[in-house]
Number of protein chains: 2
Amino acid sequence: MKFTIQRDHLLAALNDVMKAVSSKTTIPILTGIKIDASEDGIRITGSDADITIQTFVPTEKDGDQLIQVESSGSIVLQARMFNEIVRKLPTNEVEIEVSEQYQTRIQSGKSDFHLIGLEPAEYPMLPEVSEETQITIPGDLLKSIIRETVFAVSTSESRPVLTGVNWKITEDGLVCVATDSHRLARRIVSLENLPTNVESVVIPGKSLTELSKVLTDSTTPVNIYMTNQQVLFKTEDVLFFSRLLEGNYPDTNRLIPDEYQTNVKINGKELLQAIDRASLLAREERNNVVRFSTLENDSIEISSNSPEIGKVEEEIQVQELTGEDLRISFSAKYMMDALKSIDGQDVIIQFTGAMRPFIIRSIHDESILQLILPVRTY
Amino acid sequence: MKFTIQRDHLLAALNDVMKAVSSKTTIPILTGIKIDASEDGIRITGSDADITIQTFVPTEKDGDQLIQVESSGSIVLQARMFNEIVRKLPTNEVEIEVSEQYQTRIQSGKSDFHLIGLEPAEYPMLPEVSEETQITIPGDLLKSIIRETVFAVSTSESRPVLTGVNWKITEDGLVCVATDSHRLARRIVSLENLPTNVESVVIPGKSLTELSKVLTDSTTPVNIYMTNQQVLFKTEDVLFFSRLLEGNYPDTNRLIPDEYQTNVKINGKELLQAIDRASLLAREERNNVVRFSTLENDSIEISSNSPEIGKVEEEIQVQELTGEDLRISFSAKYMMDALKSIDGQDVIIQFTGAMRPFIIRSIHDESILQLILPVRTY
């Protein structure tokens, strides 16, 4: 194997692949990345057994020659070391040559590295994913869906299925739900041509977080292929595989109240900042719980009181306040996460009494719903 | 005590003072900062017993009213909490009022905090520093002096005096030396009107690092007052006190060779980057030691060889190479630290054989000297 590649293209490809490589892996070969050079370009693969990422750099792109392949072949190189070397090479032209015994020479300018590579045949094959059940979503929309839901997955392994986001194909479209049983995030995406062999999958939250870093903010479509054990996200140059979580995802529809006693329309950014301040005092003694109270004259109060430290009261003018008076307590963190996912827009918050879950929506967009369970404080 | 202050001026003052506040302190009152309000402005003090920083915000500056003091007084508030609250307040106008029992109210817009303060009389007094032994240095020069020396202090407490930088007033000017006994950094500053009651002090490296963060890059003079136990750096609005280290600082002059067998003039930035790359392979197995060899045709080689990982060779064209051929090994980190302190300029490196300390200087500036002890590798 011998080829010359432009350093910045190699770096960009490595940057994506490195997101799948974990230093904590127990499988030695997975500390490496696999490089395959062929006439049409090079493929780089990284994996932590849960996530596998493969990027492709074509020999030629938009008329520019990115790679000159002199002879094809494969090699596995220590991922972290190779990535750092490439990042620090002195010129944009990098020659990589593998000789016998997986000896790999990396040359750039007057810098000359010899690395001891690993046997490429030992590297695991890509997961098998049939191209049958396919969904196509613009990349930027996919990023939004992830951002609006993934923060609500459970971080505890006591119910592993809750560490993932449930993607369900329904009559309403693609329904994405995450919950840690104290709060819930739901995003409904109207999509046409959804597959009919209906599927419900649970994608690990960590996979979606890494996928989100690989996606660009463009509308370029991402093709998604699902099987029972794996999902593949396919962009122009990247294949992103993730294993799926096993187990039945709970039915969360019954958690969402169907009637409300108090409705508040309010600026999401103002509310977020007030809760952020109030949580400064709530963090240490009160488990980050703040109180929300309706006041007269169309305003509400966010407050917190910690006998040892002090107290804080934040008053906010609302845009509309209808229904019953209310005092309710909830986690400042959950509320801030929910408001951030709605991104500073005006929101409507709907309550069904101090002991029942309440929901937060953008007033402009029905497709995102955030639900939070209150905390008893008496 | 009651006053109204512009939030951005309060924040800037707090930002400096917080550099002295440690969360690890064993003295409870030092988790707080002291605020003193008087007719001319407010003073804020923070301390970790080693370093004490006091900033001053005047009532009026350049014709702008920064503070309105309604009644004077003092209070101690939890530093981290107060700082975070001020950072997050909604408007630029902040009212602070202390009532009985050190109850402190902080108001800004519709945000209303009540903090439980601490008794200001319990806060330690500022260290006493007579204004006798005074040196005046422009702020930006002081920052350079620190940057060029402080990295070389010892991080081990086995010889506490080596964790500081030795400042000595001599006939040549102010001589600043740091060494951890494996390398040495020396900066000589020609200054006029140095005090004659000759002083040699050892300032803790940590204090200088924090001082450097408080200093701006302007030529505004900093007045320095020294006593046997304390040093005070005084700028327009900041008092920075540090305790001094006790013990005799070793005489380091005898370490510096007075004749050289090999002289190399080379671009500092190119050398730095080559060593940075070579150290990638040297880090894991070889304790970060790289080899430096003179080659023919006016060039040198930086190399490293780790049997398990691979090897690297970096060739660099030099500007001038005189004297004997040489192969020498040294710590990549020490060399990189030294070259960074000289800031990418062309350097001259002077060797006295493979087993003797060698020195690095800028070819443009005789005032900085870096010395490194080689490592035996046979």
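Start with both chains on screen: chain B and chain A bury about 2800 Å² between them, with 52% of that on carbon and sulfur atoms. Keep in mind as you click around that this is a predicted model.

**Stop 1: the interface**

Select the residues of each chain that touch the other one. You should pick up 30 residues from chain B and 30 residues from chain A. Now turn on the polar pairs: 16 residue pairs are in polar contact across the interface of chain B and chain A, both partners being at pLDDT 80 or more. On the chain B side, the elements giving two or more residues to the contact are helix H2 (79-88), strand E11 (111-116), helix H5 (268-285) and strand E23 (310-317). Which of these supplies the largest share of the side of chain B that touches chain A? Colour E23(B), since that strand gives seven residues, the largest share.

Next, the charged pairs. How many salt bridges are there between chain B and chain A? The count is four. For a look at a salt bridge between the chains, show the side chains of Lys88(B) and Asp276(A), which meet at 2.9 Å, N to O.

**Stop 2: a strand and a helix in chain B**

Stay in chain B and select residues 32-38, which form strand E2. Is this strand mostly covered or mostly open? Mostly covered: six of the seven residues of E2(B) are buried.

Now bring in the neighbours of E2(B):

- Strand E8 (residues 73-78) of chain B pairs with E2(B) in the antiparallel sense, over six bridges. To find the register, label Ile35(B) and Ile75(B), which stand opposite each other.
- Strand E3 (residues 41-47) of chain B is antiparallel to E2(B) too, and five bridges join the two. The link between E2(B) and E3(B) is a hairpin through two residues. Beside it, look at Ser38(B), whose bridge partner in E3(B) is Gly41(B).

Then jump to residues 205-214 of chain B, helix H4, where seven of the ten residues are buried. Those to highlight are Gly205(B), Ser207(B), Leu208(B), Glu210(B), Leu211(B), Ser212(B) and Val214(B).

**Stop 3: chain A as a whole**

Hide chain B and zoom out. Chain A holds six helices and 28 strands, and its C-alpha atoms fill a box of roughly 80 × 50 × 40 Å along the principal axes. Of its 378 residues, 54% count as buried. If you draw a contact map of chain A, 66% of the contacts between residues at least 6 apart in sequence join residues at least 24 apart.

**Stop 4: the eight-stranded sheet**

In chain A, colour the strands in the order E8-E2-E3-E4-E19-E18-E17-E12; together these make an open sheet of eight strands with antiparallel pairing. Why do E8 (73-78) and E12 (134-138) of chain A have one side without a neighbour in the sheet? Both stand at the edges and have a single partner strand each, so one side of each is left free of a neighbour in the sheet. Look along the sheet for its twist: neighbouring strands are turned by 20 degrees against each other on average, direction ignored.

Zoom in on E18 (residues 230-234) and E19 (residues 238-243) of chain A, an antiparallel pair joined by five bridges. Lys234(A) is the residue to label here, standing opposite Leu239(A) in E19(A). Now add helix H4 (residues 205-214) of chain A, which packs on the sheet and touches strand E4 (51-58), E18 and E19 of chain A. The direction of this helix makes about 170 degrees with that of E19(A).

For another helix, select H2 (residues 79-88) of chain A, lying across strand E2 (32-38) and E8 of chain A. Its run is at about 95 degrees to E8(A).

**Stop 5: two threonines in chain A**

Select Thr262(A), found in strand E20 (residues 262-267) of chain A. Buried or exposed? Thr262(A) counts as buried because its relative accessibility is 1%, against a cut-off of under 20%. A polar atom of its side chain lies 2.9 Å from the backbone oxygen of Glu324(A). Beyond its neighbours within four places in sequence, Thr262(A) contacts residues including Thr294(A), Leu321(A), Ile349(A) and Phe351(A).

Finish at Thr25(A), in the loop between helix H1 (7-17) and E2 of chain A. A polar atom of the Thr25(A) side chain lies 3.1 Å from the backbone nitrogen of Ile27(A). Leaving aside neighbours within four places in sequence, Thr25(A) is in contact with Leu30(A) and Thr31(A).

Conventions: Residues are numbered from 1 along each chain as its sequence is written. Chains are lettered from A and ligands numbered from 1 in the order in which they are written. This is a predicted model: local features need pLDDT of at least 70, side-chain atom pairs count only at pLDDT 80 or more; totals for chains, interfaces and linings use all residues. Side-chain values use heavy atoms; hydrogens and water are left out. Buried means under 20% relative accessible area, exposed over 50%, partly exposed in between (1.4 Å probe, protein chains only). Helices (H or I, at least four residues) and strands (E, at least two) are DSSP runs, numbered from the N terminus. Two strands pair if DSSP finds at least two bridges between them. Axes are lines fitted to C-alpha atoms, for helices over the stretch in contact, and angles run from 0 to 180 degrees between N-to-C directions. Contact means heavy atoms within 4.5 Å. Buried area is the accessible area (1.4 Å probe) that two parts lose on being put together, summed over both. A polar contact is a pair of N or O atoms within 3.5 Å; within protein, one must be able to donate a hydrogen and the other to accept it, and residues adjacent in sequence count only if both atoms are side-chain atoms.
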